[in-house]
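Student: I'm new to this structure and would like a close look at a single part of it. Could you walk me slowly through the sheet and what surrounds it?

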Amino acid sequence: GCSAPTRRSTAGATGSCRGRDGVDPRARAGGRRVSFTLPQASDDALAAAAVAFSQGARPHHIQAALDGYRVLVVEDDPTINQALADRFTAEGFEVVRAHDGPGAVAAHAEHDPAVVVLDLMLPGFDGLEVCRRIQAVHPIPVLMLTARSDETDMLIGLGVGADDYLTKPFSMRELVARVRVLLRRVDRAATAQALMVGDNRV
């Protein structure tokens, strides 16, 4: 039968599936065992993934069962920061918050979020410097927020590693939709990498 995904480390969890003869029924033709890696997730999210797996879901479908992506919200305005946190929480995200540049870099290092929603104008140092520093650690989707509509700001932000840009005031629905698009792109890229010819992973 199928074994539920199990936590391997803070970096993720693994799982596999085999038929009665000990061979994965979905990989029988190639004689390969199917294995995959799940990103860091809560126990509830892993339980949901286990249910999906037991029902025959493929790894990219299991990914969809992993609610609770961790988003880092960086905004110096307390009212906006709280509103963003409340909305992402309501949408099923795990939220980490920061209110200035140094706090954002520290929160990124400590919590390893899946995506960052980053205000441009911040105390300490601005969102551009935050983006430079966190992208230097490892690539991560960043959606930048700004009250200024200057094209130069947008181009600089994209140049230092931001993936998307939204000008205040903005729709919360549009913001969440854009964040989900960024996460889907990352998931697709990870799936494509796992499907390399000659690799035993799927």
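Tutor: Sure, here is a walk through the sheet, strand by strand, and then a look at some charged pairs. Keep in mind that this is a predicted model, where local features need pLDDT of at least 70 and side-chain atom pairs count only at pLDDT 80 or more, while totals for chains, interfaces and linings use all residues. Residues are numbered from 1 along each chain as its sequence is written, and side-chain values use heavy atoms, with hydrogens and water left out.

The sheet is open and has 5 strands, ordered β5-β4-β6-β7-β8, with parallel pairing. Strands here are DSSP runs of E with at least two residues, helices are runs of H or I with at least four, and both are numbered from the N terminus. Two strands count as paired if DSSP finds at least two bridges between them. At the edges stand β5 (94–98) and β8 (164–167), each with a single partner strand, so one side of each has no neighbour in the sheet.

Let's settle on β6, residues 115–119. All 5 of the 5 residues in β6 are buried, so the strand is largely enclosed by the rest of the structure; buried means under 20% relative accessible area, exposed means over 50%, and partly exposed is in between (1.4 Å probe, protein chains only). V115, V117 and D119 are on one side of β6, V116 and L118 are on the other, and both faces are covered. As background, side chains in a regular strand alternate between the two faces of the sheet.

On one flank, 4 bridges join β6 to β4, and V116 stands opposite L72. Parallel pairing also links β6 to β7 (residues 142–146), again through 4 bridges, with L143 as the bridge partner of V117. To get from β6 to β7, the chain passes through helix α5 (residues 127–137) in a right-handed β-α-β crossover. Right-handed means that, with the strands pointing away from the viewer, the path from the first strand over the helix to the second runs clockwise.

D119 also takes part in a network of salt bridges with E75 and K168. A salt bridge needs a side-chain nitrogen of Lys or Arg within 4 Å of a carboxyl oxygen of Asp or Glu. Between E75 and K168, the closest N and O atoms are 2.9 Å apart. E75 sits in the loop between β4 and α3 (78–90), and K168 in the loop between β8 and α7 (172–194), so this pair ties together parts 93 residues apart in sequence. E75 counts as buried, at 1% relative accessibility.
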